[in-house]
Amino acid sequence: MLSRKSLVLLIAGLPSLLAADGKGIDFNRDIRPILSDNCFACHGPDESKRMAGIRLDTKEGARAALTPGNPEASRLYLRVAHPDPKRRMPPPSTGRTLTTQQVELIQKWIAGGADWKLHWSYEKPERPELPALKNKKWARNAIDNFVLARLEQEKLTPSAEADRITLLRRLSFDLTGLPPTPAEVDTFVKDKSASAYEKQVDRLLASPHYGERMAMPWLDLARYADTHGFHIDSHRDMWPWRDWVIRAFNNNMPFDRFTVEQLAGDLLPNATTEQKIASGFNRNHMINYEGGAIPDEYLVEYVADRSETTSTVWMAMTMACARCHDHKYDPIKQKDYYRMFAFFNSVKEKGLDGRDGNADPFLRLPSGEQQTRLDDLMARIKARESELADEKIKPAREQWEKQRLALLDYAAPAGLRDGLVAQYEMDGTGNDHSGAYRHAHVLRGEPTMVQTSVGKATLFSSPSHAVLGKIALGADYSIAAWLVQDHHEPQTVLRQAGRLDVWWDASYPMPHLRRGAHLHVETPGMHLRTRDRLVQTEQYHVAILHTQAGGVAIRINGQAVPVVREAASGVTNGEAGVLAIGQELDTEVRNGFRGRIADLRIYARALTESELRYLAIDHRLPHMLSVPVKQRAKELTLRLREHYLAHVAPAETQAAWADLRQLRERKAQLDDAIPNTMVMFEMDKPRDTFVLNRGDYRNHGEKVTPSVPAVLPPLAAGAKPDRLALAKWLVDPQHPLTARVAVNRYWQNYFGIGLVKSSENFGTQGDAPSHPELLDWLATEFQRTAWDVKAMQRLIVTSATYRQSSKATPALTERDPENRLLARMSRFRLSAELVRDNALAVSGLLNTKVGGQSTYPYQPPGIWEEISRGEIFSAQVYKESQGEDLYRRGMYWFWKRTAPPASLSTFDAPDREKCVVRRSVTNTPLQALTLLNDPTYIEAARVLAQNVLREAGGDPSKRLMLAFRRVTGRIPDAREANILSELAAKQMARYARDAKGAQALISIGETPVDKKLPVTELAAWTNVATVLLNMDEAITKE
Amino acid sequence: MNWKREMQLLETRRQFFGKGARGVSVAALASLMGNAAPAGGQPGVPHFAAKAKRVIWLHQSGGPSQLDLFDYKPQLKKYHGSELPGSIRMGQRITGMTSGQSSFPCAASIFKFEQAGKAGMWMSELIPHHKKIADDICLIKSVHTDAINHDPAITFIQTGSQQPGRPSIGSWVSYGLGSETQELPSFVVLLSQQNSVRADQPLFSRLWGAGFLPSHYQGVRLRSGKDPVLYLADPAGIEREGRREMLDALQALNRKREEAYHDPEIDTRIQQYEMAYKMQASVPDLTDFSKEPASTFELYGEDARKPGTYAANCLMARRLVERGVRFVQLYHKGWDQHGNLPQDLALQCKASDQGAAALVRDLKQRGMLDDTLVVWGGEFGRTVYCQGKLTDTDYGRDHHPRNFCMWMAGGGVKRGFQMGETDDYSYNIVRDPVHIHDIQATLLHCLGVDHTKLTYKFQGRWFRLTDVHGNVVKSVLA
């Protein structure tokens, strides 16, 4: 059996090319990888780790260790070939050994003169001549010349062109990520013109879904997500940036502009809003708001992420390896790392941020209409504010204060004590001030007395139960108290068996880090709750009025509020019991009261409006006014002023104040509705950047300024060394890496593997290109066409290489399992998002809307909740979308980094915590379970079946044709049709016996069931459709 | 079956995507050949004879207070309420939560300690069940970490790096050693549901993620409820026989495609569907506790009957390793006692003490403790100084990375053994420091893996769990 290594060599076709004198040995392809992988760690660029003073990563260094032409006189060869394992290099402690072939290669290389070249990727690509070919007919464009030349060298022949159906399906997935419709297939198949294929290419390149398709891998590179990622991992909005990327591809923005705007759009002269949005590329990294985290530590992480991501995406350079010490393989000094870092170390940001939405700096993006409304509101608010300026109302306000002070408590409406059955001040004693009942008896919970703005209150910080007494609640009564709800679990506030149950339901997050719950009031036969949530930890005056005539009313802060009537649970049936705060035991449903309560009053009559107003509004005045003016905190002064404006001032002023409050409320709502997106924004004075010893944020070394690694061309002379200069440097024609790295990734999208397999690493530890000349030709072509992205895609997909069939023979699979030689087209599974998009598309469920806020497709409950922190933060609870948002494309699925979309993860989607250049392509049983059982796919199968049954009527073979065509684009052959017809018949027989099962199956998903279709047939065909959607062919790009 | 051809196909599969179909397809291949031998690991791994074949890691998320559980400091009573001396603190960094405090008064533990086992391990009254396993565990009182806050600390202990992006320890192990079961994932994650303690520390899927390893090495969450594995259950309306019919048709269609395309991935996919079908039977069998005898619930406590509790998950862990699962990673939240420690820690221990002890005893009575390694511990310890108000009955403790306690039990480590010592304040290690990377190296060592040799090349560098650090803690090895 062949070893893995020897197989690789065989594929590269090396042994056949090597002559004994070392001719045919290419240093960069054959020798450098051996030295780099096995020797550089101790004999490479890192001075601090260099052993015995020998370095093999430079020509001079290597020459000192060998004699060209004479391996036997070369220390390098003698040591790697040493007969004594203890003396042989690399030493056993490294865990590395050279194979016999590798030792032989080194021997031959030295024998042949030990030719030395700079690592290939650091040399500017030169446009190669097109190679001459024996077969003059096959090539359609330059790509094919290079591919075929290599095949001819390897004595292989290219495969035939794929059939049209396969070709269009391949092309559609590659350019839009969506399958062709049967009509599109028909058009192409019937088109006899010479340019039939090119017409399809142009059609697809012009599709709005082209931008989506191109954006998908870019989102992996940019580590795009909808949450901040660290710890609390709450919501962020970067979708305006994501939509910018889609637009940029659709508008065919040249790659150099695409680069400059994303890296430094904010620094362009007169930067437009779009260019600023684009600069968000480097704000996509994770951001922390863990309480207790140290800001300086995270500032360094953000900058490091930007610098490393930028190096990976544009240069496939493993910059991160030089963070703690000089790079062990590539010529990057630790200092180079921090000079690169310095470009990104001047953003006006905080180390800890992102607690409530986006982190600074961000850009608000009002629509034209929103801006108009905003301007209008601002103007009106300003006018009202000046009308109500304190200097204008102060004399009257102070006058009132004096008058009120003289009155103090005595402004209570006459008769306020009439009908007062019991009054508990809740000042920590539980005494009943009416004297009619016994004092409250605390059975559970530890009451403490606290001062509040309404005077003393009792705080129960754990679930409580305090019995007040057997207070009879007759036909007419009122209960009033100040309440603060202090815990998110549902809890009983007040309860009297047989009469009354007042409780909070579970509190839920509200915007701006608040939580709130509804207040419920149940009486025999009646259950009301507030329509809106009352904010947790805020103090409310709550009054419940019960009258024989009018039923139950809830007043909050003296005002009637909207209520919702709910089904009575019956908890208040039965004998009247004692009135109590909280409840005896915590149950699954509810806990005892936790929070604050003050001035609890029970009346045997309905309170009047003016009494309610007094209790809720005026009642607190004495407490506020009793503080001498000079000792008043700012907040208290403000509250008094507001009280005056709302309740005391002349009617006209009160109206103006009411208007101002309403305007402010409207502005707050508008502000919430205006999207924003994080952007780059420079500090006035950039931070100093230092080399960080061992990469530790606390350990400052030498101070450095922004610059680029010496092995690459210098920054433009005279330019200010900032991000803009860096971006322009990357797309300068002299730069050896950018164009190669970009075209290589495009290649990877189409063929599964790049010409350089290690598309994330073009350094010495990366893989050598399979077709170096082709890579350089494409890179120079990209530059020559002024970085025309669509033209590059067009070039690749119109090549004969791309148009080959992906059918392999056992011999070819064995010879070239990875398809590096391209004697066929690669065949591989669709990426995670596309597996789902395809099922939605063929069933007709797909919502093709482009861009916008991210959505929440079906996901089993608990995936987020089991791991998230919860509390007041956003993106802690998964709330499924409704309606057509359920069927948006996978790329719009809300990406929570600590719990990414579960069914996409199963298909190898990354968590987006870091830049990802290549996804794995695995094949697992969990994928099978997802495609078979996830409601997304069952619903898609059912809707597909529904459409097919409607269209085909009762003819089973027609149904089959339609369904098969929708899923695969083609017509099934006899054997396939037979397998599926038999399945359909068997499933029909099953569901004929199991009507309930049939109904259950077709009821999955939100899409309504077509009631006109027979349930049995629909269920059976749903399963046939499931089998179709599970076929390898259905989820594979062939 | 042509064995050579199969191996070539397998090689093909691996080659194709580089980071391609491996562990699982190898398992599929093994089943194809009727071969039940371990499959899918790396060549040459284990590097030497393994003492442990599998691991159960009971991660106590939040940072249990070593001062109130294992690190007995009677002298602290004297210093209770007095300022932590500068000579002890030595200017070490502290979190943003207490850095603003004007004073750092020492808080002695309010709990009683007793010695247990032959080694005389001190344990507090909060963990009575642990006393019963004192002769089975190896207690390390001098573990230290680099991180001071939850996110980086838990990421560090689970992936060897404070920053996201590296593979988790479970994925490294399953990458290195492969799977021993064809019907369950080799790396399973259990999250215990909350008890009465306020447990606000989030977890992150990266903690069981595969990082840059092929993504099928990531841990599979086993959840309580209808679908312990995501989408395990057939949908309503599909019976087993009906499902089988569907799979047979699917297989026939896929076989046909394979004949035309000669793509080994198609064959792998067929195998994956068969494994999925098997899992649909094996997982419900796994999660069905009804056949466990009454003695099991005496051992683990009645809580173990309630799916998702810590006790139930400890029992589940035993059932998983019995069935050949390589790495069980359990998370138990709620150890982050910044305030209200005496009350909340007591509740937390009450919910977890018995389960952990029962697991060790259960494995022992089944003879499985010899080749199963159980690890218990949090991501850091807690400070001797009080966070918030110190009263006679109440105190809180902030995060403390400089020393904390972990224990291991079973395959490869000494039993009834303790090591490491801290100063009188449990603030600094005075003897035998053990770094997180050392813990990781030691765990791999017990599995027969040289932590410097289990590597994966990514971005041109050979990465390993312990980065460039870590020493096997020889003194704990049996």
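Two strands are taken as paired if DSSP finds at least two bridges between them, and this criterion underlies the strand stops of the tour through what is a predicted model.

**Chain A as a whole**

Begin by selecting chain A, whose C-alpha atoms fill a box of roughly 115 × 80 × 60 Å along the principal axes. Chain A contains 36 helices and 24 strands, and of its 1038 residues 49% are buried. Among the contacts in chain A with a separation of 6 or more, 69% link residues 24 or more positions apart.

**Strand S11 and its partners**

Next, select residues 519-523 of chain A, which form strand S11, a mostly covered strand in which five of five residues are buried. In a regular strand the side chains alternate between the two faces of the sheet. With side chains displayed, A:Leu519, A:Val521 and A:Thr523 can be seen to point one way from S11(A), while A:His520 and A:Glu522 point the other way, all of them being buried.

Add residues 500-504 of chain A, strand S8, which runs antiparallel to S11(A) and is joined to it by four bridges; within this pairing, A:Trp504 has A:Leu519 of S11(A) as its bridge partner. Then add residues 526-530 of chain A, strand S12, which is likewise antiparallel to S11(A) and joined to it by four bridges. Here A:Glu522 has A:His527 in S12(A) as its bridge partner. The hairpin of S11(A) and S12(A) has two residues between the strands, and A:Gly525 takes a positive phi near 80 degrees there.

**A three-stranded open sheet**

Now select strands S9, S10 and S13 of chain A, which make an open sheet in the order S9-S10-S13 with antiparallel pairing. Its edge strands are S9 (508-510) and S13 (534-535) of chain A, each of which pairs on one side only. S9(A) pairs with S10 (residues 514-517) of chain A in the antiparallel sense over three bridges, and the bridge partner of A:Met510 in S10(A) is A:Arg514.

**A kinked helix**

Move to residues 208-221 of chain A, helix H12, where a kink of about 30 degrees lies at A:Ala215, shortly before the proline A:Pro217. The buried residues of H12(A) are A:Tyr210, A:Gly211, A:Glu212, A:Arg213, A:Met214, A:Ala215, A:Met216 and A:Leu219. To see what covers them, display the surrounding elements, which include helices H9 (164-176), H11 (196-205), H13 (239-250) and H29 (832-843) of chain A. Just after H12(A), A:Arg223 takes a positive phi of about 45 degrees.

**The contact with chain B**

Finally, bring chain B into view: the contact takes 86 residues from chain A and 79 residues from chain B. On the side of chain B that touches chain A, helices H1 (3-17), H2 (23-32), H7 (150-159), H9 (240-261) and H10 (264-287) of chain B each supply at least two residues, and H9(B) gives the most, with 12 residues. By class, this side of chain B has 34 nonpolar, 27 polar and 18 charged residues.

For a closer view, select helix H31 (residues 925-933) of chain A together with H10(B), whose axes come within 8 Å and cross at roughly 75 degrees. H31(A) and H10(B) are therefore roughly perpendicular to each other. From H31(A), A:Pro925, A:Gln927, A:Ala928 and A:Leu929 meet B:Gln272, B:Tyr273, B:Met275, B:Ala276 and B:Met279 of H10(B), and the residues of this contact divide into seven nonpolar, two polar and no charged.

Methods: Residues are numbered from 1 along each chain as its sequence is written. Chains are lettered from A and ligands numbered from 1 in the order in which they are written. This is a predicted model: local features need pLDDT of at least 70, side-chain atom pairs count only at pLDDT 80 or more; totals for chains, interfaces and linings use all residues. Two residues are in contact if their C-beta atoms, placed from the backbone, lie within 7 Å. Ala, Val, Leu, Ile, Met, Phe, Trp, Tyr, Cys and Pro count as nonpolar, Asp, Glu, Lys and Arg as charged, and the others, Gly among them, as polar. A residue is buried if 20 or more other C-beta atoms lie within 10 Å of its own, exposed if 12 or fewer, and partly exposed in between; C-beta atoms are placed from the backbone. The bend at a residue is the angle between axes fitted to the seven residues ending there and the seven starting there. Axes are lines fitted to C-alpha atoms, for helices over the stretch in contact, and angles run from 0 to 180 degrees between N-to-C directions. Angles under 35 degrees count as roughly parallel, over 145 as roughly antiparallel, 65 to 115 as roughly perpendicular and the rest as oblique.
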